[in-house]
Amino acid sequence: MTKLPDDHIDPYESRLTRRVGAFAEQAVRPIDAAAIASAARVGSRRQTLVGRLFGSNSSIGRLGLVVAAAVLAAGSIGIYVGGAGPRPTASPAEVPISTTGRTPDCAAKNLSAEIVAWEGAAGHRIATVRFLDLDLECLIPAYLKPALVDGAGHALIVGGNVHAAGTLHLSIGTKADALVDMSNYCGPAPVGELILRIYLPTNDSVEARRSANLDGPLDAPPCNGRTVPATIEMQSLGPIPGT
Amino acid sequence: MIDDGSIRAAVARAATGDEVAFARIVAAHHDDMARVAFVVCGDVELAQEAVQAAWPKAWAKLGSMRDADRLRPWLVSIAANEAKQLIRSRHRRWLRETPIEDDQPVTPRAGADPESRAAILDLANALAGLEPDDRTLIALRYAAGLTSDEIGRAIGMTGGGVRARLARLLTRLREELHDDEIA
């Protein structure tokens, strides 16, 4: 946990340090320091060369840098692929390596999904959706379009299209989860139990239903005013370590 | 964690191109850089990307590092800058405002920190309302634990200016997070 420096500004700092420290801890992942050092050495040379050719802040320069780092480090660290470009990470246990580009996209038939948490917040409902890769090593975008659907198949809230921003590489049997944040449903009363429909880039969708271990109602987010549109948004999909 | 003497030796060797020594620096500081980048950008994967992009810059400029004691502030500020650049280039946005009722039951996310998910979302929302430069100040101070002078050197401000700006941010965050009680 972060230690607050001695030059105190305000008594509140100690409390905020604890809060920020706990929040920031989410970002810590296992790393392969040797691979990162090697990638940095190569990336530095590449950066210098590309910087001379295209300017130090060019996207081409950044892409070249990341590609160089990824290629060198591919033997020992995981890599996110697709979307806005290679997205290096540092946890071989969480994200298996793929450098071929031939890994197929995950389709609905390859995945199962269930709702493992459904939490209340003021004006919002926050669900945790857990995906399981059933039978195919495949790629799934980190951000997906969700919809809240009732038991009769009525789409109550449909999310907007999402831009490509990184991809997870799922191995068979691995799990990943994401938060789905919903707000302000002012429509007709839902029929039957709610589900979440998650749209995939394969032009199909996977439906997440209540986990057998989840108690309590799956209620729609409360109406806060008809002048404000309902919203639904899926946060970044993240692998579950150890699966 | 390696001691100060070892890190000074590692910096000296790494500055001459010793990759093993540089790996020791990576091992010692990567997590801090990831924490700082995450507070700045609000996205774990983007934060990791920022740190990955920061290391080649650190490698390239390590030779100009005259004082090994300033290594950590220097590295975390590089990570913060990379995170800010990635936000700009991707036009990323943070979590939407999501007020949490005090009386609503919330459960911590499995495998996450002891802070409840509601508390984490509250903080994420409060940070989302700040400008990237202000999030950088918060990150360098409360995720990296830098003094106001160290932050000032890193971002080109005086220590006094950093303290004044942090004081305003503290007032704002205390109010938004309803942290009226001082622990």
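**Entry 1: confidence**

pLDDT is the predictor's confidence in each residue, on a scale from 0 to 100. I began with this score since what I have open is a predicted model. For chain B, I found an average pLDDT of 82, with 81% of the residues scoring at least 70. Chain A averages 75, and 72% of its residues score at least 70.

I then looked at the elements of each chain. In chain A, the lowest confidence falls in strand β1 (residues 79-80), with a mean of 24, while the highest falls in strand β10 (residues 195-199), at 95. Over residues 48-101 of chain A the pLDDT is below 50, although the model shows 121 contacts for this stretch beyond near neighbours in sequence. Among the elements of chain B, helix α1 (residues 4-15) has the lowest mean pLDDT, 81, and helix α6 (residues 132-143) has the highest, 95. I also noted residues 92-115 of chain B, where pLDDT stays under 50 and the model has 54 contacts beyond four places in sequence. I remind myself that predicted coordinates should not be read in detail where pLDDT is low. For the complex, the predictor gives an ipTM of 0.84 and a pTM of 0.53.

**Entry 2: chain B and the cores**

I counted the secondary structure of chain B next, and it comes to 8 helices and 0 strands. Of the 183 residues in this chain, 46% are buried. Looking at contacts in chain B between residues at least 6 apart in sequence, I found that 64% join residues at least 24 apart.

Which residues have the most contacts inside the largest nonpolar core? They are B:Val36, B:Ala37, B:Ala50, B:Ala79 and B:Ala83, in a core of 69 residues. Helix α2 (residues 19-41) of chain B supplies the largest share of this core, with 13 residues. I followed B:Ala79 further and found that, leaving aside residues up to four places away in sequence, B:Ala79 touches B:Met33, B:Val36, B:Ala37, B:Ala50, B:Val51 and B:Ala54. A second, separate core has 37 residues, including A:Phe131, A:Ala142, A:Leu179 and A:Leu196.

**Entry 3: helices α7 and α8 of chain B**

At what angle do the axes of helix α7 (residues 148-155) and helix α8 (residues 159-176) of chain B cross? They cross at roughly 105° and come within 8 Å. Because angles of 65 to 115 degrees count as roughly perpendicular, α7(B) is roughly perpendicular to α8(B). On the α7(B) side I listed B:Ser148, B:Asp149, B:Ile151 and B:Gly152, which meet B:Gly159, B:Gly161, B:Val162, B:Arg163 and B:Leu166 in α8(B).

I stayed with B:Gly152, which is found in helix α7 of chain B. B:Gly152 has 19 C-beta neighbours inside 10 Å and therefore counts as partly exposed, as 20 or more would be needed for a buried residue. Not counting residues up to four places away in sequence, B:Gly152 touches B:Met157, B:Thr158, B:Gly159, B:Gly161 and B:Val162. From B:Gly152 to B:Leu137 I read 9.4 Å, C-alpha to C-alpha, for two residues 15 apart in sequence.

**Entry 4: a strand in chain A**

Which side chains of strand β12 (residues 231-234) of chain A are buried? A:Ile232 and A:Met234 point to one face and are buried, whereas A:Thr231 and A:Glu233 point to the other and are not. In a regular strand, side chains alternate between the two faces of the sheet. Strand β9 (residues 175-183) of chain A is joined to β12(A) by 4 bridges, and the two run antiparallel. As one pairing, I noted that A:Met182 has A:Ile232 in β12(A) as its bridge partner.

Methods
Residues numbered from 1 in each chain as written. Chains lettered and ligands numbered in written order. Predicted model: local features only at pLDDT ≥ 70, side-chain atom pairs only at ≥ 80, totals over all residues. Core = buried A, V, L, I, M, F, W, Y, C linked by C-beta atoms within 7 Å. Buried ≥ 20, exposed ≤ 12 C-beta atoms within 10 Å, placed from the backbone. Contact = placed C-beta atoms within 7 Å. Pairing = 2+ DSSP bridges. Axes fitted to C-alpha atoms, helices over the stretch in contact; angles between N-to-C directions. Parallel < 35°, antiparallel > 145°, perpendicular 65-115°, else oblique.
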